Amino acid sequence: MDGWSTSSSSQPSLMVLMLEALGVNEGHRVLEIGAGSGYNAALLCHRLDPGNVTTIDVDPAITDRARTRLAQLGYHPHVVTADGLNGCPDHAPFDRIMATVAIQRLPQAWIEQTHDGGKILFPLDTRNGGGIMPLLTVGGDTAEGHFLRDFGAFMPVRQQTRQDAALAAFRDVADHQGAERTSTLGHEVGTDDGSPFEFFAALLIGGYDHMSFTPSDGSTVETWIALTDGSWVCHTTDADGTHRVRQGGPQRLCDLIEDLHQQWTALGRPERQRFGLTVTSGVHRVWLDHPDSPHHWSLPSAAGACRS
């Protein structure tokens, strides 16, 4: 079947982890972006007055089912059919906003609809990798905070289109031969979902897709990594452990991954919870340890590359 799935039920333990991280307390007004099955809204209604809970989804079929299930449990929160990227101004302001869909950028509307001191937790869409969840505290027109230690991958919000870049590169790139050389890094360095460096690379490259397969001639397994701008790298490992790469497109993706690995190593191989994010006026700035750190980067576009 062609196309992308557009909705799924999130792992219950991950929902609980996110709610605990948010610190949802009695009296809080909470907005959930992505209604799904209604399970998370039910948890919120169990904790709070249902009148303080709003769950929103762009798909009327999803909100209809969620509303019905919640009513069967005796819960009647605000179930809204609308584009969650705009927040929900009719029921704002909120003390907590949580998204159960991955987004490429934090909408300014969410910040504007959150009380000062309120918190926003969302999965950052870095395509196949990262599982990145920043927990941000709002102050004025700024939201700032650290990334959670935990891995939490979600489906992307459907309004932000995507394609399988690695598969497209394999199918469509004319120059599959590319420029070949050896590399000091194995493919798993950039494709091991949840690893500290994969987090760093997925965050600062702008998100990439990866896939592995064995060619029809039965030769060495190939691992493809690609960006939506057409940049790609194909990685193989010889029997003697030599790593070989071919790369092409507008950016030399393997060079970029190797450069980032050197940066990450020089920083002491920090894990994800040491990094943070500041969002203000649409600008997304990643930093290490604290917002005033000399080590900081601008969050790139979905097909871009980091700028330090």
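Val-138 has Ala-143 of strand 7 as its bridge partner, a handy place to start a tour of this predicted model. The two strands around that bridge, strand 6 (residues 135–139) and strand 7 (residues 142–146), run antiparallel and share three bridges. They belong to an open sheet of 10 strands, and a separate listing below covers an open sheet of five strands. A search of the whole structure also turns up two cavities of 30 Å³ or more.

**The sheet of 10 strands**

- Reading across this open sheet, the strand order is 3-2-1-4-5-6-7-13-14-15, and the pairing is mixed.
- Strand 3 (78–81) and strand 15 (296–298) form the edges, each pairing on one side only.
- On average, neighbouring strands here are turned by 20° against each other, with direction ignored.
- Helix 1 (residues 12–22) lies across strand 4 (94–99), strand 5 (114–121) and strand 6, and it runs at about 150° to strand 4.
- Helix 2 (residues 39–47) also packs on the sheet, where it touches strand 1 (30–33), strand 2 (53–57) and strand 4.
- The direction of helix 2 makes about 170° with that of strand 2.

**A close look at Thr-55**

- Thr-55 sits in strand 2, one of the strands that helix 2 touches.
- Is Thr-55 buried or exposed? Thr-55 counts as buried because its relative accessibility is 0%, and the cut-off for buried is under 20%.
- Setting aside neighbours within four places in sequence, the contacts of Thr-55 are Glu-32, Gly-34, Ala-35, Ala-41, His-78, Val-79 and Val-80.

**The buried face of helix 1**

- Five names to pick out in helix 1 are Leu-14, Met-15, Met-18, Leu-19 and Leu-22, which are buried.
- Why do the buried residues of helix 1 line one face of the helix? Seen down the helix axis, they fall within an arc of 135°, so they line one face.
- The general background is helpful here: an α-helix has 3.6 residues a turn, so residues three or four places apart point the same way.
- The cover over the buried residues of helix 1 includes helix 2, strand 4, strand 5 and strand 6.
- Just after helix 1 comes Gly-23, which has a positive phi, near 65°.

**The sheet of five strands**

- This open sheet has the order 8-12-11-10-9, and its pairing is antiparallel.
- Its edge strands are strand 8 (179–183) and strand 9 (209–213), and each of them pairs on one side only.
- Neighbouring strands of this sheet are turned by 20° against each other on average, direction ignored.
- Strand 9 and strand 10 (residues 222–226) run antiparallel and are joined by five bridges.
- Across from Met-211 stands Trp-224 in strand 10.
- Helix 8 (residues 253–266) lies across strand 8, strand 10, strand 11 (232–237) and strand 12 (243–248).
- Relative to strand 8, helix 8 runs at about 25°.

**The largest cavity**

- Rolling a probe the size of a water molecule over the atoms shows where empty space is left.
- The largest cavity holds about 120 Å³ of space.
- Of its 13 lining residues, the closest to the centre are Gly-186, His-187, Ile-225, His-235 and Ile-257.
- Which element gives the most to this lining? Helix 8 does, with three residues.
- Helix 6 (188–191), strand 11 and helix 8 each supply at least two residues of the lining.

**Backbone points worth a visit**

- Most residues other than glycine have a negative phi, and most peptide bonds are trans.
- Ala-92 and Pro-93 are joined by a cis peptide bond, with omega about 5°.
- Pro-93 belongs to the loop between strand 3 and strand 4.
- Ser-281 has a positive phi, near 50°, and is not a glycine.
- Ser-281 lies in the loop between strand 13 (275–280) and strand 14 (283–288), and it counts as exposed at 58% relative accessibility.
- Asp-289, also a residue other than glycine, has a positive phi near 75°.
- The loop between strand 14 and strand 15 holds Asp-289, which is partly exposed with a relative accessible area of 36%.

Notes:
Residues numbered from 1 in each chain as written. Predicted model: local features only at pLDDT ≥ 70, side-chain atom pairs only at ≥ 80, totals over all residues. Heavy atoms only, no water. Pairing = 2+ DSSP bridges. Helix = DSSP H or I, 4+ residues; strand = E, 2+ residues; numbered from the N terminus. Axes fitted to C-alpha atoms, helices over the stretch in contact; angles between N-to-C directions. Contact = heavy atoms within 4.5 Å. Buried < 20%, exposed > 50% of the residue type's maximum accessible area, 1.4 Å probe, protein only. Arc of directions from axis to C-beta. 1 Å grid on protein atoms, 1.4 Å probe; cavity = no way out; pocket = protein on both sides within 12 Å on 5 of 7 lines; lining within 4 Å. Points joined across faces, edges and corners; volume = space filled by probe spheres on them.
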